[in-house]
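Take a moment to look over the sequence and the model below. A short tour of its side chains follows.

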Amino acid sequence: MLSYVPSIAVLLQFALASAILAVTPGPDMALYVGRAITHSRAAGLACFGGAVTGILIHTMLVALGLSALLVAAPTAFLALKIVGAGYLIWLAYQSVRHGSSFTPRSGKTTKVGSLWGHYLTGIGINILNPKIVIFFLTFLPQFVSADDPHALGKLVFLGVFFLCVAIPIILPMIFMANRFSAFLISSPRIMRAMDWTLATVFGAFAVKILTTQAR
């Protein structure tokens, strides 16, 4: 197996967290689904394509930054992992306390507009969202060991793997935007179940990393 590919156990854990994160309603999902409803399916896909580009940019920047930190200051990298565990606990708390944010714009279909413009909107919202930067800075390191000589390759691989898990989940939501939106809005119990599932997974990862670093 290639040196930058994590173990099967790590991949399964990461895939589980990524899938739950992708399926949990939030502002990003509201953007894709909302544009698909009010503009066109192509507009929703264009926004999602922009967000995918943004995630790739985040992945490369975070991977380069974290790998440099790992070489220069391994102790600081470990500290970042612990801080990241605390951030995951905070995300779990926020998920349970405030619930999912899913408010796609409703109403009549509007002018499709430029697909390039929708694409740039997706990039801009993703790139300029500080929560995504913080998330990648704290989430990705949880799956890479501080003494791993192939950390850079694994961080990049995980970022791309995140998209491989998320894209097959999100695309059907865009193609069936009207039905999906109506289903979520009319099913508050399911949305709360998603919130608790996300909180449980993030909390479990946080506890795991904290107990591992405490040994």
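Is Phe161 buried, partly exposed or exposed? Phe161 is partly exposed, because its relative accessible area is 22% and the buried class ends under 20%. Keep in mind that this is a predicted model.

**Aromatic rings**

Phe161 has a ring partner. A pair of aromatic rings is described by the distance of the centres and the angle of the planes. The structure holds 5 aromatic pairs. Two of them are set out here.

| Pair | Distance of centres | Angle of planes | Kind |
|---|---|---|---|
| Phe14 and Phe143 | 4.9 Å | 90° | edge-to-face |
| Phe157 and Phe161 | 6.0 Å | 10° | stacked |

Why is the Phe14 and Phe143 pair called edge-to-face? Its planes stand at 90°, and an angle over 60 degrees earns that name. This pair links distant parts of the chain. Phe14 sits in helix α1, residues 8-23. Phe143 lies in the loop between α6 (130-139) and α7 (151-175). In sequence they are 129 residues apart. Both Phe14 and Phe143 are buried.

Now turn to the other pair. The planes of Phe157 and Phe161 are at 10°, so these rings are stacked. Phe157 and Phe161 are separated by about one helical turn, because they are 4 residues apart in helix α7. Phe157 is partly exposed, at 22% relative accessibility. The two pairs belong together: Phe14, Phe143, Phe157 and Phe161 form one aromatic cluster.

**The nonpolar core**

Which residues touch the most other members of the largest nonpolar core? They are Tyr32, Phe136, Phe139 and Phe202, out of 53 residues in that core. Many helices take part. Those giving two or more residues are α1, α2, α3, α4 (74-98), α6, α7, α8 (177-185) and α9 (188-214).

Follow Phe202 for a closer look. Leaving aside residues up to four places away in sequence, Phe202 touches Leu21, Leu88, Leu91, Ala92, Phe135 and Phe139.

**Two polar residues**

Asp195 is placed in helix α9. Asp195 counts as buried because its relative accessible area is 2%, and the limit is 20%. How far from Ser95 is Asp195 in space? The C-alpha atoms are 5.3 Å apart, yet the two residues are 100 residues apart in sequence.

Ser40 belongs to the loop between α2 (27-38) and α3 (41-72). Ser40 is also buried, with a relative accessible area of 16%. Its side chain reaches the backbone nitrogen of Ala43 at 3.0 Å.

How values were computed:
Residues numbered from 1 in each chain as written. Predicted model: local features only at pLDDT ≥ 70, side-chain atom pairs only at ≥ 80, totals over all residues. Heavy atoms only, no water. Buried < 20%, exposed > 50% of the residue type's maximum accessible area, 1.4 Å probe, protein only. Polar contact = N/O pair within 3.5 Å; in protein donor to acceptor, adjacent residues only side chain to side chain. Phe/Tyr/Trp six-rings, centres within 6.5 Å; stacked < 30°, edge-to-face > 60°. Core = buried A, V, L, I, M, F, W, Y, C linked by side-chain atoms within 4.5 Å. Contact = heavy atoms within 4.5 Å.
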